[in-house]
Every structure is written in structure tokens, then in C-alpha cells.
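Colleague: I'd like to learn how to read a model like this one. Could you walk me through it?

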Amino acid sequence: MENMKSARKNDTGEVGSDLSEQIKAATKNNHVRAENTQLMLSYQKGQITMTEYKVLLCSLYEIYQALEEELDTNASHPAVAPIYFPQELARVNSLQSDREHFFGSDWRKKVIVPAATHRYTQRIRQIGRENPMLLVSHAYTRYLGDLSGGQVLGKITQKSLGLSSKEGISFFSFPGVSSPNRFKQLYRSRMNSIELTEQERAEVLEEAVSAFEFNIQVFDDLQKMLSVTAEAVDQSKSRTVNFPSSPIMHFTMGLCVAVATIGMGIYLM
Ligand code: HEM
């Protein structure tokens, strides 16, 4: 809320009246909070683990599938058409191949996502049906993030996981974008060309704040899920419970326990 006020307060001052400037100002504090989630901090310290990356890929896949399906369905909507760049930006195919790389050909069966991811995708689908204008806020939050800090995160992932090739990290590559900075300029100018009433503009800014918060909740839930998993695996070792013996089954079983625990915890709140 404070962010929203500062974006408006500065309309005639340093922020200006362009949507691209206002959305950046409105989400500034949320961006700081996102950068400071435990998952993103692990990233910045080069400490991302294979398990963290794999569960992150599962959630990103669900999120982009919802986002890109809704963008495709609403491609000719006046607020969506200017920022509709499937050739340059679409991530679902890259995420599919990254998941296939790590999970194998039956990757579709290995969906491990926390409740926060479902809440995020449900919101995207709801606005796709009811108010497609707000897809702008979600597309901005994910794609401009991927073209900014995300570019560094790709390099860190490769190094942290000791990957010798780009296989498994195609999510971070945008072959259709030769200069991320120039493309971001184009994207901002397209955002600025969208005609919005004051009320609509306020809604777009508010939805962008929510989009950041959805991402923060996903990161936090993933972290919780992984810590519960680690405990479940530890307990299974110490209690000699008949847990499946292969590492992948261990991982999957542990995550099932974790997802169930977190999912129930959240839905019961
Ligand atoms: C390790 C975590 C992160 C780092 C180090 C990081 C870093 C950055 C940097 C350096 C920029 C460029 C700022 C500028 O051009 O002024 C940026 C922009 C951006 N980031 Fe992040 N970021 C992180 C996480 C995130 C997350 C989790 C999201 C949202 C899901 C996000 C969304 C954005 C967006 C939308 C922009 C574009 C801002 C604009 O120009 O309007 N970032 N980030």
C-alpha cells in the first residue's frame, strides 16, 4: 500500500506518468523483499542446490503455463496485444525441456508444487477470464524480471550446480532477444502505449504488487517444503521405516509428505 502511495505521490515528480515508471516504483519494496527471500539469497550466494532448482522448475512451469495460456487466449485484448511477445518471451517450452532433462521423459508425472503456486496460477487464470487487462502486471513481473536479475541467476545456476552445458537451464536463455536491455526498453514503451483510465492504472499497479507477493509466497513455501522434506528423509533414515530405497523415490516421497503438510497447513489457516 505504501508503495502505491509513493508511486502516485511522485506522478508529477521524479517517477513521471508512464506506466513503466509507475509500476517499477510501486513494486520497488516488493522487489527488495523478493530478493531477500531465503531462496533468492541462496541463489545470490551461489548456494542453490539441485533439489531447490528442481522444485523451482516445477513451480515455474505451472506459473508460466497459466500465464502463457491466458496471454494466448487474450492476445487481441487491447491491453494485452501491445505486450504480447510469444516468439521472444514464451518460457513453457524451455521449462518443459529443463524438466525433462532433470526428471526424465515421465517428467509430467513428477509435479511437486506447494499450495502457494496453485494460488498464484488460480489468480492468473481468474484474471484471464474476468479482467485480462491485469495480465500486464503478471507478464511484467515475470518477464522483465527474467530479462533483468534472471540473466545473472542463469549463470549462477550453471556454476552452482556444476553443469557443463546449458542443458537444464534453457529457462534463462532468450534466443529471440538479442539485447535484453533494448528489449526491455521496447517492452516498457509498449506498456506505456496501453490506454488506461486512472482507476484501471491503479488496478494494474496493485496487481503488480500482488504478483510480486505471489512469487514471494511461492519461494517461501518451496523453502518450507524442502525443510520438511529434509526432516522426513532424516526421520526415515533414523527410524528404519520402509522408505523406498532409490534416491529419486526418497526425494519424491519426502516431497509428497512436505506438500501434504504445507498444503494442509495453508488450507486449514
Ligand atoms: C536474486 C534475486 C534477484 C535479483 C538479484 C534481481 C535483480 C534485478 C536487477 C539488477 C534488476 C534491474 C534493475 C534496473 O534495471 O533498474 C531487476 C529488475 C527487475 N526484477 Fe529483479 N532481481 C531478483 C529477483 C526478482 C524476482 C523474484 C522478481 C519477480 C518475480 C523480479 C522482478 C524484476 C522486475 C519486474 C524487474 C524490472 C524492473 C523495471 O525495470 O521495471 N526480480 N532485478
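Modeller: Sure, we'll take helix packing first, then the metal and the annotated residues. Keep in mind that this is a predicted model.

Colleague: How do you describe two helices that pack together?

Modeller: Two packed helices are described by the angle between their axes and the distance between those axes. Here, take H9, residues 135–146, and H11, residues 180–192: they pack at about 170 degrees, with their axes 12 Å apart. Angles over 145 degrees count as roughly antiparallel, so that is the word for H9 and H11.

Colleague: Which residues make the contact between H9 and H11?

Modeller: From H9 you have Val136, Ala139, Tyr140, Tyr143 and Leu144, and from H11 Lys184, Tyr187, Arg188 and Met191. In that contact of H9 with H11, 7 residues are nonpolar, 2 are charged and none is polar.

Colleague: And H8 with H9, at what angle do they cross?

Modeller: Helix H8, residues 115–130, crosses H9 at roughly 140 degrees, and their axes come within 9 Å. H8 and H9 are therefore oblique to each other. On the H8 side the contact uses Tyr120, Arg123, Ile124, Ile127 and Gly128, while H9 brings Leu135, His138 and Arg142. The contact of H8 with H9 divides into 4 nonpolar, 2 polar and 2 charged residues.

Colleague: Now the metal. Which protein residue is the donor to the iron atom of the ligand?

Modeller: For a metal, look for the protein atoms that act as donors. The iron atom of the ligand has a single donor from the protein, NE2 of His31, at 2.1 Å. His31 sits in helix H3, residues 28–35.

Colleague: Which residues does the UniProt "binding site" annotation cover?

Modeller: An annotation comes from a record, so check where its residues fall in the model. The unreviewed UniProt entry lists Lys24, His31, Tyr140 and Arg188 under "binding site". Lys24, His31, Tyr140 and Arg188 are included in the lining of the largest pocket. Lys24 belongs to helix H2, residues 19–26, and Tyr140 and Arg188 are among the residues of the H9 and H11 contact.

Conventions: Residues numbered from 1 in each chain as written. Predicted model: local features only at pLDDT ≥ 70, side-chain atom pairs only at ≥ 80, totals over all residues. Heavy atoms only, no water. Axes fitted to C-alpha atoms, helices over the stretch in contact; angles between N-to-C directions. Helix = DSSP H or I, 4+ residues; strand = E, 2+ residues; numbered from the N terminus. Parallel < 35°, antiparallel > 145°, perpendicular 65-115°, else oblique. Contact = heavy atoms within 4.5 Å. Nonpolar A, V, L, I, M, F, W, Y, C, P; charged D, E, K, R; others polar. Donors = N, O, S within 2.8 Å, 3.2 Å for Na, K, Ca; no water. UniProt positions renumbered as here; feature names shortened; annotations may be inferred. 1 Å grid on protein atoms, 1.4 Å probe; cavity = no way out; pocket = protein on both sides within 12 Å on 5 of 7 lines; lining within 4 Å.
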